[in-house]
Amino acid sequence: MSQQLMGWDDTIVALATPPGIGAIGVIRVSGKKAIEVVNALFPSKDLQQQPSHTLHVGLLKTGATVLDEVVISLFKNPRSYTGEDVIEISSHGSPFVQEKIIQAIVSHGVRLAKPGEFTQRAFLNGKLDLAQAEAVADLIASNTEASRKAALHNMRGGFSSDLSELREQLIRFSAMIELELDFSQEDVEFADRSQLNTLIGTLTLAVQKLLHSFQLGNVIRNGVQVAIIGKPNAGKSTLLNTLLNENRAIVSDIAGTTRDTVEEVLNIDGILFRLIDTAGIREHTHDVIESIGVEKSLEKMRAADIVLYLFDVNDTTVAELEAIVQQFRQEAIPYLLVGNKADMNTQASAAFTTFPDAIYISAKANNGVDALKKSLVARTISGDIYTEATIVTNARHYEALQKLATALNDVQQGLDAHVPGDLLALDIRQCLHYLGTITGQITNEDQLDFIFSKFCIGK
């Protein structure tokens, strides 16, 4: 990786813990001047003479002014997170105190870190590859056990290991084909075409498996948008409150009570469901505000990953439901039919036999809601979210894998057509290129800046 990146040689500093009042805050300093600069503010001990991976307690001072009593964590290169000299200062959790410490460090020629710059340096110094570095951000943002586990698997090199195996096998064959080009006048083949054919088939299956995992990975990372749709007074707000186990939405017998969308998050079996309670949909309303709410409902319905269509079993005809289902199918909208107030009609399921997948509940009495949750999970994911196998969660990785699959197909077609080695070599180089863009063997400064700009400052 080129060391010509802007600010590569700078020493940087940032608050590594969330801003705000707390028991302690951690300030991270990284770079060739890290130990020298902090040492100038720490008269208690000569940090330059201390071994790596040690802790030191003392006063932090600028001139005669005491800034705070702190704990210094010392990490000498290359055995640190960034691969550089790193010092972490654990101070008291006052934003004012932390700011004074950072100002004192900056006054010694250190600059403020950009978002993700510590992890970017870890990547540039070979401590992490790019896929692992991106997994660090995913781990920080994880909010379920499934997302934590997937991010940790990738951060520890699970995804990178899978790709490294594919890349090494391709490189071996690429080298053999390139060697053939040096002996083009001799008409010899160093690369066994039958073995290459087998390898391309194996790699294609592996890539397709990774691509297929993205549907699950996207759910793990981003959750599932669920729009709760239905006619006024179907019980949408009651259902939302029951699912959340709190009175989040206003419940009333007056039709059209919900004028705007209400959004909440619910964790079901490790998956985040982003529930959207919408205004009741009816064709004719003279209330301008309600009309706006209905239009918003339709927008949310079309943007949702799945529509939970709630209908009152006592106030809905089979014909009405058939019309709704036909609309969903015409617009290719994934849906789940849920009959509410079934406790008031024991023959509810019998009345709607043409809809065998419908779920019947009583949102008010909390009957059948657990079955509804299970059905939501079953409809939105396929596969084990807690699997030890690699799950692709990153859209950038998915796009690169799609391009890799196309390039592998080009190699396969070339083999089938018995094209010359120089053309095969070009297609194999394309495969290696797309693999390299995922792990960072092939990248550029603009791409790195974009990727790491999405990190939090201090990481």
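**Figure 1. Surroundings of T144 in the predicted model****.** T144 is buried, with a relative accessible area of 7%, a value that falls under the 20% limit for a buried residue. In this predicted model, T144 occupies the loop between helix 4 and helix 5 (145-155). Leaving aside residues up to four places away in sequence, T144 touches I220, N267, G270 and L272. I268 is 124 residues from T144 in sequence, yet the two C-alpha atoms are 9.7 Å apart in space.

**Figure 2. Helix 3 and the elements that cover it****.** Helix 3 (residues 117-124) is mostly covered, with 8 of its 8 residues buried. The buried residues are E117, F118, T119, Q120, R121, A122, F123 and L124. Their packing partners include three strands: strand 1 (12-15), strand 2 (22-30) and strand 6 (111-112). Helix 4, helix 14 (421-439) and helix 15 (445-453) also pack against the buried residues of helix 3. Just after helix 3, G126 adopts a positive phi of about 80°.

**Figure 3. The largest cavity and its lining****.** The structure contains 1 cavity of 30 Å³ or more, and the largest cavity encloses about 60 Å³ of space. Rolling a probe the size of a water molecule over the atoms shows where empty space is left. Helix 4 (residues 130-141) gives the most to the lining of the largest cavity, contributing 4 residues. Lining residues include A131, E134, A135 and D138, together with N154 and F159. I391, V392, T393, N394 and H397 also belong to the lining. By class, the lining comprises 5 nonpolar, 4 polar and 2 charged residues.

**Figure 4. Cysteines C431 and C456****.** C431 is buried, with a relative accessible area of 0%. C456 is partly exposed, with a relative accessible area of 38%. For a pair of cysteine sulfur atoms to be taken as a disulfide, they must lie within 2.5 Å; by this rule the count comes to 0 disulfides.

**Figure 5. Confidence along the chain, with two stretches of low pLDDT****.** The chain averages a pLDDT of 82, and 84% of the residues score at least 70. Over residues 249-260 the pLDDT is below 50, and this stretch has 33 contacts in the model beyond near neighbours in sequence. Residues 282-293 also have a pLDDT below 50, with 12 contacts in the model beyond near neighbours in sequence. Where pLDDT is low, the predicted coordinates should not be read in detail.

Conventions
Residues are numbered from 1 along each chain as its sequence is written. This is a predicted model: local features need pLDDT of at least 70, side-chain atom pairs count only at pLDDT 80 or more; totals for chains, interfaces and linings use all residues. Side-chain values use heavy atoms; hydrogens and water are left out. On a 1 Å grid over the protein atoms alone, a cavity is a set of points where a 1.4 Å probe fits but cannot get out, and a pocket is an open set with protein on both sides within 12 Å along at least five of seven lines; lining residues have an atom within 4 Å of a point. Grid points are joined across faces, edges and corners, and a volume is the space filled by probe spheres set on the points. Helices (H or I, at least four residues) and strands (E, at least two) are DSSP runs, numbered from the N terminus. Ala, Val, Leu, Ile, Met, Phe, Trp, Tyr, Cys and Pro count as nonpolar, Asp, Glu, Lys and Arg as charged, and the others, Gly among them, as polar. Buried means under 20% relative accessible area, exposed over 50%, partly exposed in between (1.4 Å probe, protein chains only). Contact means heavy atoms within 4.5 Å. pLDDT is the predictor's confidence in each residue, from 0 to 100.
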